[in-house]
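Hi,

Here is the structure I promised to pass on. Have a look at it first, and then read my notes below.

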Amino acid sequence: MPAARREPTTPTGTPTRRAAVIGGNRIPFAKVGGPYRDSSNLDMLTAALDGLVARFGLQGERIGEVAAGAVLKHSRDFNLTREAVLASALSPETPAYDLQQACATGLEAVVGLSNKIRLGQLDSAIAGGVDSASDAPVAVSDGLRRALLTFSRARSARDKLAALAGIRPADLAPSAPTTAEPRTGLSMGEHQALTTAQWGITREAQDEIALLSHQRLATAYDAGFFDDLVTPYRGLVRDQNLRADTSASKLAALRPVFGTHLPTPATMTAGNSTPLSDGASTVLLGSEEWAHAHALPVLAYVVDAEVAAVDFVLGRDGLLMAPAFAVPRLLARHGLTFDDLDFLEIHEAFASTVLTTLAAWEDEAFGRERLGLDGAFGTVDRTRLNVNGSSLAAGHPFAATGGRLVATTAKLLATRTADTGRPARALISVCAAGGLGVTAILETA
Amino acid sequence: MTDTYLHLVNSGFTKKLAKQLGLPRPTPLRRHRAGEPLVAGPVLVIGLGGQDGASTPQPDADALAQLLAGPVGTDGVRGTLDTAGWDLDVHRHVATTETVQAVVLVLSDVEHPDDLAAPVAALAPVLRRLTPGGRVVTISRAATADDAPAVAAARQGVDGLLRSLAKELRGGATANGIVLAEGVDVLAPSALGTLRFILSTRSAFVDGQLLEIGSDAGTFPADWDAPLSGRVAVVTGAARGIGAAIARTLARDGATVVVVDVPAAGEALAAVANEVRGTALQLDITADDAGQRLLEHALTRHGRLDVVVHNAGITRDKLLANMGRDRWDAVLAVNIAAQLRINEALLTSGDFTDHPRIVSLASTSGIAGNRGQTNYAASKGGVIGMVRATAPLLAAFGGTANAVAPGFIETEMTARMPAVTRQLARRLNSLQQGGLPEDVAEAVAFLASPSAGGVVGQVLRVCGQNLVGA
C-alpha cells in the first residue's frame, strides 16, 4: 500500500466526458424516534426523490439510472430504490438498483453513476441513500428462523410439530441491529475511542469541532444556503439534531459515552459523536449535454474517486482511518496538495474521526512509514474544512450522508466560482464500517 | 372545509324542510370541466330596441349577436379566432315558454336613462326562465365627466341596475357587467375575452361585478382551452389553498408554472410542482433579491417569464390598539412590500416585456375593511393601489397589472374560523355560499390570458357579490 506519491496520470486512458453534479435534494435529518419514526426507508427515499423531481422539473422524466441504498434494511426492501422510483413522480421506465457500502453508500452511488456517465453508458442519473434508525429491522434469532423455515417446508403435521418443538425459549429473543463490527464485537464508538487514544486527541479539540459544526450549519441555514438543497418532510424544516444555541460549556458538561473502560481518559460524548438518525438524500447527475438540453445548471463535476480499506482487526489502523490512506493516493494521482483544495468535506462520524485523520496526515512517522512519503503528508487549513457544518450537527442517517456531502459541496464550489470567476476544487472523504473509506474530488470548470 | 348546509338544503328531506321554513337555499355552483361547451343552452342578445326593436339601430348588439352565432373557424374546429364565431344558439327574441341559459344586454348605445326601459322590459320576463347557473351580462360604456349629463346618467344607471339584478337572481345564476372605455370596440379582444369568461362556468363565483375594458389591446389565443400555452408563470404562496389552485389552473390553461413558497412549506410545494409538472422554488419573497431569483429561475429553467401571480400573503389579526409593531410589519412586508420589490426587479430587468401579466391577490377586506385587520387591509388596499400604478408601466409592452379580490373562500384559513361565524360569512353574498380556491384561480387565469390585454389596473372581485365591500 505505500508509494502514495506517483507520477500524475489520467485515471482513465481515454477520458470520455465529464459527469456533472446538477443539484441535490434531501429531507431534513431527524433524530431516532423523532418525526420520521413512522416513516420507512421507502417513504423517505421517495420523498427525497420527489423533492428533487419538483426542484428540477423531472416529472415523467426517464432518468438513465437511479442508484441508492440503505445500511439498515428490511429484507422486504430488496429492491428499495426501484420501489422508490415507482412511487415517485419520475417515469416508471427509470431503472434503478440498490447498493450498500455502509456509511459510504451515498458517495459510492455518486462515484459509480458518475463513472457510467463518463463512459457514455448514462446521460443522467440520480444517486441517493436513506436510513432509518427508528424503523430498523428487528430480526428473529437464528434458532427461531431455522425452525420456522423447517416448519414451512414440512409436509406432515408430525414434521411441522417436530419443527416447532425445536424452538428453545432463548430463540424467542429478537436480535436488534447494532453498530458492532462483526469481527471485533466492538461498537463503532468503542473502535473510534481506541483510535482517539492512539492519536492522543483531546476532549477540548473534539468539542471544538462539534461546536463549529453546529454554528456553521446554523449559519448556513440562516443564510438560505439549504433553500435549494433541502425539502421539509413531516413538519421538520431543519435538521433536528442542529443546536444553534449550543456552547463550549454545554458540550463540556456532557458525560463521555465511549472509551470509558480504557486506561486513557474517556473523551467521546454524545455531543462530539453523531447521533443515530433518520433521513434520505439524492443527487442529480448528468452529462453536460443532458444538463444543457434540459436547461439545468451544472454546479460541479465529479473528477475522480479513490477507495481504501484498513486492517482494523489485526493491523495497526483504527476502524475509521481508511480515508487517511485514500486521500493521499487520490491527490497524488492528480498531482494535488491540500493547498489546491478550496474545500474539504470530511464526514464527522465522530469529531475525533476528523481529528485522528488530520493528525495522521500531519504525522512524520505516519507519512514515512504508512504512506511511503518523505515526511508528513500535510496540514489541512481548518478554514476550508466542513465550512457549512457536517454530520455532528446535521445528523448521520448512514447511507444518506454521501448525498448530503456531494450536493452541499457542489453548491459551495459553484458559489465560489461564481464569486471569484475562477475554478474551484473540493475533496470529499467518508469513512465507513468494515475499515472502509471512500473519497472523491469535485471541481468546477 | 365542506359546506354541510349547502349539501343539506339540496338533498332529501332537509331540502323540503328548508323550503318550508323559508331558509336560504344556495344552489351548488357548476365549475368548469374540460371539454364542456361555452354555454350549454340558448343565448338571448338584447339590444337597445328590446324584444321588438329591430327597427331601432343597435349596431353593437347586431355585431355581437352575429359573432356569437357565427360558425367556429373555417379551417377546422378552432381556426383564427379573430374571424371565427362562437357557434352559440343565439336568439334576438324568445317565446315566453322557452328557457334561456344566458342573456347579453347590449347597452353600449344608451344616451338617456329612458333608453334603458325597452331592453329591461325585454329582460324582465326572461329572468324566471333562466336555467340554473344562468348568466346575465350587461355591456355598457363607462360614464365619465366628459359625457353629456343624460349620457352619463344612462351609463352609470347600468351599474346600479346590474348590481341589483345580481342580488335578485337565484339558482346559482349570476349577473356581471362589461364596461367599455370610450372608443373601445364591443368586439375588442378584452371585451370578448371577458364575455367568454363571464358566460362560462369559470366565473361561477363572480357575481355583481363590472369589469372595465380600458383599451383594444389583447389578442385572441390560438386555442381558447389553452390560452396560456407557451407562457411561463410564477405563482407565489403556491404550496396550498388558493395558490395551489392557481398553479393548477394556469397549468391546465397551458402555462409552464414555477411554484414558489417559503422553504418551510417545501413538502407541500414539491407535491404541487409535481402535480402541475412545473418546478418548485423555495424562496422567501421578502428577501431583497427575491425578484432576481424568481426571474433567474424562470429564465434559466424555462427560458422566459410572462406571468407573475402575487398570491403569497399572511394575516396577523389583532385590533390596532393591541397590535404591536411586529404584526403590522410582518403583514406589510409579505403582502405588499415584497410585491413592490419583485415588480421593480422585473420591470427593470428587460426580461419581462412580452405582453407580461402581473396579477396580485387583494381582498374584500382591503376594499371594505374588516375589524381586527388594519394591517391586512392596509396591505391589500396597497395591492389595489399598486396594480393601478403598475399597469401604465407595463402598457408599452402590451402588459397589464390587475388584482383579484377574493371574498369568503373555502380554504384551510377559513376552515379555522369559529363555526357560527363561518356559517354566517358563507351566506353573506348573493350566491349564499363560500367560493372555492379554483374560483379565484379562474379569475387569475383569465387576467393572465392574452385576451385580457385591455383589462388594466382593475380589481376583479371573486366574492359571490359579498354584501361587504360592494
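What follows is a walk through the parts I looked at, chain A first and then chain B.

One thing to keep in mind is that this is a predicted model.

Let's start with a strand in chain A. All 8 of the 8 residues of β12(A), residues 436-443, are buried, so the strand is largely enclosed by the rest of the structure. Looking at the two faces, A:L436, A:V438, A:A440 and A:L442 point one way, while A:G437, A:T439, A:I441 and A:E443 point the other way, and all are buried.

What does β12(A) pair with? On one count, β9(A), residues 300-309, runs antiparallel to β12(A) and is joined to it by 8 bridges. If you want a spot to zoom in on, A:E306 has A:T439 of β12(A) as its bridge partner. Then there is β11(A), residues 425-432, which also pairs with β12(A) in the antiparallel sense, over 8 bridges. There, A:R425 is matched with A:E443 of β12(A). The hairpin of β11(A) and β12(A) has 3 residues between the strands, and A:G434 takes a positive phi near 80° in it.

Still in chain A, there is a helix pair to look at. The axes of α4(A), residues 142-153, and α5(A), residues 157-165, come within 8 Å and cross at roughly 180°. The two helices are therefore roughly antiparallel to each other. On the α4(A) side the contact is made by A:A147, A:T150 and A:F151, and on the α5(A) side by A:K160, A:A163 and A:L164. By type, the residues of that contact come out as 4 nonpolar, 1 polar and 1 charged.

Now for where the chains meet. Chain B has 16 residues in contact with 17 residues of chain A. On the chain B side, the elements that give two or more residues are α8 (266-276), β9 (279-282) and α9 (290-302). Of these, α8(B) gives the most, with 5 residues. The chain B side that touches chain A divides into 6 nonpolar, 7 polar and 3 charged residues.

Moving on within chain B, have a look at α16(B), residues 437-448. This helix has 12 residues and reaches 17 Å from its first C-alpha to its last, close to the 16 Å expected at 1.5 Å a residue. As for burial, 12 of its 12 residues are buried, so α16(B) is largely enclosed by the rest of the structure. The buried residues include some charged side chains by name, among them B:E438, B:D439 and B:E442, along with B:V440, B:V444, B:F446 and B:L447.

Finally, two backbone oddities in chain B. Most residues other than glycine have a negative phi. B:Q432 has a positive phi, near 55°, and is not a glycine. It sits in the loop between α15 (419-427) and α16 of chain B. B:Q432 counts as buried because 20 C-beta neighbours lie inside 10 Å, and 20 is the number at which a residue starts to count as buried.

The other one is B:Q465, where phi is near 60°, again a positive value in a residue other than glycine. B:Q465 is found in the segment after β13 (459-462) of chain B. It is buried too, with 23 other C-beta atoms within 10 Å.

That's it from me for now.

Cheers

Key
Residues are numbered from 1 along each chain as its sequence is written. Chains are lettered from A and ligands numbered from 1 in the order in which they are written. This is a predicted model: local features need pLDDT of at least 70, side-chain atom pairs count only at pLDDT 80 or more; totals for chains, interfaces and linings use all residues. Helices (H or I, at least four residues) and strands (E, at least two) are DSSP runs, numbered from the N terminus. The expected span of a helix is 1.5 Å times one less than its number of residues. Two residues are in contact if their C-beta atoms, placed from the backbone, lie within 7 Å. Two strands pair if DSSP finds at least two bridges between them. Axes are lines fitted to C-alpha atoms, for helices over the stretch in contact, and angles run from 0 to 180 degrees between N-to-C directions. Angles under 35 degrees count as roughly parallel, over 145 as roughly antiparallel, 65 to 115 as roughly perpendicular and the rest as oblique.
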